[in-house]
Amino acid sequence: MGKRVGIENSIAAADAIKMANVDVVAAYPITPQTHIVEHLAELVADGELDAEFIPVESEHSAMSVCCGSVAVGARTFTCTSAQGLALMNEIVFIAASLRLPIIMILANRSLSGPLSIWNDHTDVMSVRDCGWIQVFADNGQELFDHILFAYRVGEDPNVSLPVMVNIDGFIVTHVIEAVEYWEEEQVKKYLPPFKPVNILHPDKPITMGAFGMPGIFSEAKKAQDEALIASKPHIMKAWDEMAQIVGRRYEPVETYQLEGAETAFLTMGSFSETASIAIDTLREQGKPVGQIKLRLWRPFPFDEIREAAKSIKKLIVIDRAISYGGPGGPVASEIRAALYREKNMPAIANFLCGFAGRDVTANDFIKMYEKTEELARSKKPIREEDYIFYGVRE
Amino acid sequence: LFLNRKGVLAVPKSEEELGWKDIEPGCAVSEPGNAAQYRTGDWRSIRPVWDHAKCIKCGVCYIFCPDAAIHKNEEGYFEADLYYCKGCGICAHECITGCIKMVEEAE
């Protein structure tokens, strides 16, 4: 068993990246990602990590450097948040279409405006369709584990896709937690050396990023979609092996107190832990409440969601982003689509909350539960366009 | 013929024949130099025609052709390879004696 350390999660994340023995780090500083990259810069400067640290002039350049370095077979890391992600947007999509296994931590922060530095999921939802594998980690330990997982899965020759590890900015990145470090031997066993599927090398010249005429573009998109869908069994295998090596088991969809539950919260990221505290309280009061945690955002785990929700009557979906003028939150949209043809489709109450770092406490989750029960008692059907901005002042 | 990813000699398929399963991961082009197969002549709406009575075989058209689609024939006259010639008209514009005329493809 690895050593358990009380440490800021960002520093632990940088240490995990060091343990993955990356060759290139290219990143531009942005709050709340800063501590991760700062610590990596120190590790490189101090000679503890033998890697090229490339202090690029923008996030657009950061992601461009990452594409280049993975294309020549270097294990690569980058990290950003909100506006940084927006600036690198163009290359984020290209990285996936080129099947370049770049690993990025997205320290989730609200996209401006108004200008904000605090946490929600508006940044990640802006690149929902970028073609990356996207996972959510709830705490420092999960972040540490998922950095090694990301390299293992992304670089798997059967996958060869970029992986985005989402972590809530400040709420998780800047907090000191107990994190169990992996042992070198465990990392070695779990993460083989990077052998790229495609590599730019003079001995065997290839072209990457060629022009796609209308006659081939649809086939290229179909191939990309199939590649992301086909990554799922390899994702499962990587989580299985992690469970065998370090004893922590992760699933695309995880549940808490779902046995006998009639109502369930559906959460992503650090809210999952807060919601489970509320569930404990509600369960003590005899309320049949459980929780579904969505860890794997892309490829979307349709079967697991259907299985988890099959005996739920009321599903409270928490969104930390909004599709303006649309059906509320992006997570609720996906969940409704996944459950649409189910025989016992639950009523879905969509709450939008926790924007730009506004605290949502366990007590707030209890209030959302009560509001949902009240809606259910009113017998009025909950329609798709009915979403609730929780806690907004009139 | 070229050596494909599985090390098997294969006939290169044209873009229109490729199914999604034929596409290399990341749309990489693993066959170097295959841009030569690209029929840019498809883009042409006008085509250069040389008047040999006026042509002095100076080769200015050959030098200026941005696609290297002009070559010298056995008689020393220059002509366009219509597989690649896009019909840009630069050769006709630069021709010293005005011997090159751009003719509508429709004619």
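How do the residues of the lining of the largest cavity divide into nonpolar, polar and charged? In this predicted model, the answer is nine nonpolar, two polar and two charged. The space inside the largest cavity comes to about 100 Å³, and 13 residues line the largest cavity. Those closest to its centre belong to chain B: Cys65(B), Cys85(B), Gly87(B), Cys88(B) and Cys91(B). Counting cavities of 30 Å³ or more gives five.

From the cavities we can turn to the open side of the protein, and to the second largest pocket. About 410 Å³ of space is found there. The second largest pocket is lined by 18 residues, and Asp225(A), Leu228(A), Ile229(A), Arg298(A) and Pro299(A) are the closest to its centre. Three elements of chain A, namely α8 (214-230), α11 (302-309) and α12, each give two or more residues to this lining. The most comes from α8(A), which supplies five residues. In character, the lining of the second largest pocket divides into eight nonpolar, two polar and eight charged residues.

Chain A also holds two open sheets worth following in turn. One of them has seven strands in the order β3-β2-β4-β5-β7-β6-β12, and its pairing is mixed. The edges are taken by β3 (52-54) and β12 (296-298) of chain A; each has a single partner strand, so one side of each is left without a neighbour in the sheet. On average, and with direction ignored, neighbouring strands of this seven-stranded sheet are turned by 20° against each other. At the β3 end, strand β2 (residues 24-26) of chain A runs parallel to β3(A) and is joined to it by three bridges. Within that pair, Ala26(A) has Ile54(A) of β3(A) standing opposite. Helix α4 (residues 82-97) of chain A packs on this sheet, where it touches β4 (76-80) and β5 (103-108) of chain A. The direction of helix α4 makes about 135° with that of β5(A).

A residue of the seven-stranded sheet offers a view of its surroundings. Ile167(A) sits in strand β7 (residues 163-168) of chain A and is buried, with a relative accessible area of 0%. Leaving aside neighbours within four places in sequence, the contacts of Ile167(A) include Ile105(A), Leu106(A), Ala107(A) and Asn108(A). Ala137(A), Asn139(A), Leu143(A), Val172(A) and Thr173(A) are also in contact with Ile167(A). Gly140(A) is 27 residues away from Ile167(A) in sequence, and their C-alpha atoms are 8.7 Å apart in space.

Thr173(A) comes up again in the contacts of a helical residue, Ser10(A), which touches His35(A), Ile36(A) and Thr173(A) when residues up to four places away in sequence are not counted. Ser10(A) has its place in helix α1 (residues 9-19) of chain A. With a relative accessible area of 0%, Ser10(A) is buried.

Another buried helical residue is Val153(A), at 1% relative accessibility. Val153(A) belongs to helix α6 (residues 140-154) of chain A. Not counting residues up to four places away in sequence, Val153(A) touches Ile133(A), Val159(A), His234(A), Ile235(A) and Ala238(A). Between Val153(A) and Glu8(A), which are 145 residues apart along the chain, the C-alpha atoms are separated by 26 Å.

The other open sheet of chain A has six strands, in the order β9-β11-β10-β13-β14-β15, again with mixed pairing. Here β9 (253-256) and β15 (387-389) of chain A stand at the edges, and because each has a single partner strand, one side of each is left without a neighbour in the sheet. Neighbouring strands of the six-stranded sheet are turned by 25° against each other on average, direction ignored. Strands β10 (residues 263-267) and β11 (residues 289-294) of chain A run parallel and are joined by five bridges. Ala264(A) takes part in this pairing, with Gly290(A) as its bridge partner in β11(A). Helix α12 (residues 330-339) of chain A lies across β10, β11, β13 (314-319) and β14 (347-352) of chain A. Its course runs at about 145° to β13(A). Helix α12 also brings the picture back to the second largest pocket, since α12 of chain A is among the elements giving two or more residues to that lining.

Definitions and conventions:
Residues numbered from 1 in each chain as written. Chains lettered and ligands numbered in written order. Predicted model: local features only at pLDDT ≥ 70, side-chain atom pairs only at ≥ 80, totals over all residues. Heavy atoms only, no water. Pairing = 2+ DSSP bridges. Helix = DSSP H or I, 4+ residues; strand = E, 2+ residues; numbered from the N terminus. Axes fitted to C-alpha atoms, helices over the stretch in contact; angles between N-to-C directions. Contact = heavy atoms within 4.5 Å. Buried < 20%, exposed > 50% of the residue type's maximum accessible area, 1.4 Å probe, protein only. 1 Å grid on protein atoms, 1.4 Å probe; cavity = no way out; pocket = protein on both sides within 12 Å on 5 of 7 lines; lining within 4 Å. Points joined across faces, edges and corners; volume = space filled by probe spheres on them. Nonpolar A, V, L, I, M, F, W, Y, C, P; charged D, E, K, R; others polar.
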